[in-house]
Amino acid sequence: MTASSPNSSSTSPMTIKDGLLSAATWLASPNYNVRPIGLSIDAIVVHNISLPPNEFGACDTSGTHYVKALFTNQLDWDAHPYFQTIKGAEVSAHLLIERDGAITQFVNFKERAWHAGRSSYLGRPECNDYSIGIELEGSDFTPFTDMQYDRLAQVVSAIYEAYPKTRRHLTGHSDIAPGRKTDPGDYFEWARLRQLVSDATKNDTPSHK
């Protein structure tokens, strides 16, 4: 498993080029496929994840973050009892934002990540087809960090610039899969994020190709 980083400054405006986020470390996931022909990227879905549940920063014996191991099909199912309950899962997100604000990209934005499952947004099924999935390291029971909000706002601003149809279509996993999913949870501050995105959109001038 190899990773590469663009070495972008966290204070510089984020950019998206050829489906890759400038501020993210690239770690390829095999869990993706081609988006359906003719569909535009026009929504952003926010999730939370922690492995084991409610534990942050946990790593395997090689030092690989458990979430990263999951998204790259490298998770040792015997490393924790909870992992047996998700054994064989093949999932991914486009991005993971850790508690310290570090960003990893697993799937090119142009491709279809496997983050939403059975889902519907504004009456349209199969959200994976047309959305970008962003996982925040966290849980339904813990506030997210200031750095996560700051970085997420910058990411969303960059996505809005690169994929204008996503504007006004920022939603949560619980909204597209009600009754099945609860994340990003009650501790997630939507109003705070939207204000930060508004500020970032005014102050940053991201570019894309």
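These points concern the aromatic contacts and the charges over rings in this predicted model.

1. The count of aromatic pairs in the model comes to six. One of them joins Tyr-66 and Phe-83, whose ring centres are 4.9 Å apart and whose planes meet at 70°, so this pair is classed as edge-to-face, the class for planes over 60 degrees apart. Because Tyr-66 belongs to helix α1 (residues 66-71) while Phe-83 falls in the loop between α1 and β6 (95-97), the contact ties together parts that are 17 residues apart in sequence. Both Tyr-66 and Phe-83 are buried.

2. Phe-71 and Phe-106 make a further pair, with ring centres 5.1 Å apart and planes at 85°, so their arrangement is likewise edge-to-face. Here Phe-71 lies in helix α1, whereas Phe-106 lies in the loop between β7 (103-105) and β8 (111-113), and the pair therefore ties together parts that are 35 residues apart in sequence. As for accessibility, Phe-71 is buried, and Phe-106 is buried as well.

3. Elsewhere in the chain, one aromatic cluster is formed by Phe-144, Tyr-149, Phe-188 and Trp-190.

4. Two arginines should be read alongside these rings. The charged end of Arg-99 is placed over the ring of Phe-56, at 4.2 Å from the ring centre. In the other case, Arg-124 has its charged end over the ring of Tyr-130, and the distance to the centre of that ring is 3.8 Å.

Note on methods
Residues numbered from 1 in each chain as written. Predicted model: local features only at pLDDT ≥ 70, side-chain atom pairs only at ≥ 80, totals over all residues. Heavy atoms only, no water. Phe/Tyr/Trp six-rings, centres within 6.5 Å; stacked < 30°, edge-to-face > 60°. Helix = DSSP H or I, 4+ residues; strand = E, 2+ residues; numbered from the N terminus. Buried < 20%, exposed > 50% of the residue type's maximum accessible area, 1.4 Å probe, protein only. Lys NZ or Arg CZ within 6 Å of the ring centre and 35° of its normal.
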